[in-house]
Amino acid sequence: MAFHVKVEKGRAPRQNRAEKEQRVLEGHAHAALVFGGDGCLGWCQFGSPAELPEIKSKRKYEKELVTLPDWRITCFFTGKGLRKRGVAHAALGGALAEIARSGGGTVEGYPEETDDRSVSGSFLHTGPMSVFENHGFTRIRPISPHRWVVTRSVAPV
């Protein structure tokens, strides 16, 4: 929920789940899910800036903002023990395919640069840079020491 609304301390997990479920039912939450066998291995959250107004490093982001994108890729989840197996890559590919089916446009992400350092998975919720670059995203500008705004255009299908 932290990318949908400003989440205050003390917020109950059940409130987050209930609000997320309501957004999904109303069509105000989007994610590409990655399945393997009978289970969900991970996912990638995407949506419009109106749907996902809260991003990490927002003050620095807004300071140099020229134009809002049509779409944002804000969050990844990969199940325990499944990292480095292509789940995030598949999830981002699925999100881009859904964006194309929804009319395409400019897509932004805010990945973490990991090339020169070891990074805990808890810092990779916005995705690793390599996954975005493998999908044709271009670095635009840094918004923290290790996080960048990346962008690419997606044609409609």
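**Exercise 1. Contacts of V107**

Task: In this predicted model, find which residues V107 is in contact with, leaving aside its neighbours within four places in sequence.

Solution.
- Step 1. Set the sequence neighbours within four places aside.
- Step 2. Collect the contacts of V107: W71, I73, L96, I99, F137, V150, T151, R152 and V154.
- Step 3. Place V107 in the nonpolar packing. The largest nonpolar core has 23 residues, and V107 is listed with I73 and L92 as having the most contacts inside it.
- Step 4. Ask which elements give two or more residues to this core. They are strand 1 (30–36), strand 2, strand 3 (71–78), helix 3, helix 4 and strand 6 (148–154).
- Step 5. Rank them. Helix 3 gives the most, with eight residues.
- Step 6. Look for further packing. A second, separate core of five residues includes I55, Y110, I143 and V149.

**Exercise 2. The setting of strand 4**

Task: Decide whether strand 4 is largely enclosed or open, and state how it pairs with strand 3 and strand 6.

Solution.
- Step 1. Check burial. Four of the five residues of strand 4 are buried, so the strand is largely enclosed by the rest of the structure.
- Step 2. Take the strand 3 side. Strand 3 and strand 4 pair in the parallel sense, over three bridges. R72 has E108 of strand 4 as its bridge partner.
- Step 3. Trace the connection. Strand 3, helix 3 and strand 4 make a β-α-β unit, and the unit is right-handed.
- Step 4. Take the strand 6 side. Strand 4 and strand 6 pair in the antiparallel sense, over five bridges. Here G105 stands opposite V154 in strand 6.

**Exercise 3. Salt bridges**

Task: How many salt bridges are there, and which residues are joined into one network?

Solution.
- Step 1. Count. The total is seven salt bridges.
- Step 2. Start with a pair inside a helix. E98 forms a salt bridge with R101, with the closest N and O atoms 2.4 Å apart. E98 and R101 are three residues apart in helix 3 (residues 87–101), which means about one helical turn between them.
- Step 3. Classify both partners. E98 has 31% relative accessibility, so E98 counts as partly exposed. R101 is exposed, because its relative accessible area is 53% and the cut-off is over 50%.
- Step 4. Turn to R139 and E113. Their side chains meet in a salt bridge at 2.5 Å, N to O. R139 lies in strand 5 (residues 138–142), while E113 lies in the loop between strand 4 (105–109) and helix 4 (129–134); the pair therefore ties together parts that are 26 residues apart in sequence.
- Step 5. Classify again. R139 is partly exposed at 28%. E113 is buried at 9%.
- Step 6. Add the next partner. R139 also forms a salt bridge with E133, where the closest N and O atoms are 2.7 Å apart. E133 is partly exposed, at 34% relative accessibility.
- Step 7. Join the pairs. Shared partners link E113, E133 and R139 into one network.

**Exercise 4. Aromatic pairs**

Task: Describe the ring pairs W43 with F77 and F46 with W71 by distance and angle.

Solution.
- Step 1. Choose the descriptors. A pair of aromatic rings is described by the distance of the centres and the angle of the planes.
- Step 2. Search the whole structure. Five aromatic pairs are found.
- Step 3. Read the W43 and F77 pair. The values are 6.0 Å centre to centre and 25° between the planes, and the pair is stacked.
- Step 4. Locate this pair. W43 is in strand 2 and F77 in strand 3, 34 residues apart, and the pair links distant parts of the chain.
- Step 5. Check accessibility. W43 is partly exposed at 26%, and F77 is partly exposed at 41%.
- Step 6. Read the F46 and W71 pair. The centres are 6.0 Å apart and the planes stand at 55°, so this pair is tilted.
- Step 7. Locate the second pair. F46 lies in strand 2 and W71 in strand 3, 25 residues apart. Both F46 and W71 are buried.
- Step 8. Look for linked pairs. Ring pairs join F76, F132 and F137 into a cluster.

**Exercise 5. A glutamate in a loop**

Task: Is E54 buried or exposed, and what is it in contact with, leaving aside its neighbours within four places in sequence?

Solution.
- Step 1. Locate E54. The residue lies in the loop between strand 2 (39–47) and helix 2 (58–63).
- Step 2. Apply the cut-off. E54 is buried, because its relative accessible area is 18% and buried means under 20%.
- Step 3. List the contacts. E54 is in contact with A2, F3, H4, V5 and K6, leaving aside neighbours within four places in sequence.

Notes: Residues numbered from 1 in each chain as written. Predicted model: local features only at pLDDT ≥ 70, side-chain atom pairs only at ≥ 80, totals over all residues. Heavy atoms only, no water. Buried < 20%, exposed > 50% of the residue type's maximum accessible area, 1.4 Å probe, protein only. Contact = heavy atoms within 4.5 Å. Salt bridge = Lys/Arg side-chain N within 4 Å of Asp/Glu carboxyl O. Core = buried A, V, L, I, M, F, W, Y, C linked by side-chain atoms within 4.5 Å. Pairing = 2+ DSSP bridges. Right-handed = clockwise from strand over helix to strand, strands pointing away. Phe/Tyr/Trp six-rings, centres within 6.5 Å; stacked < 30°, edge-to-face > 60°.
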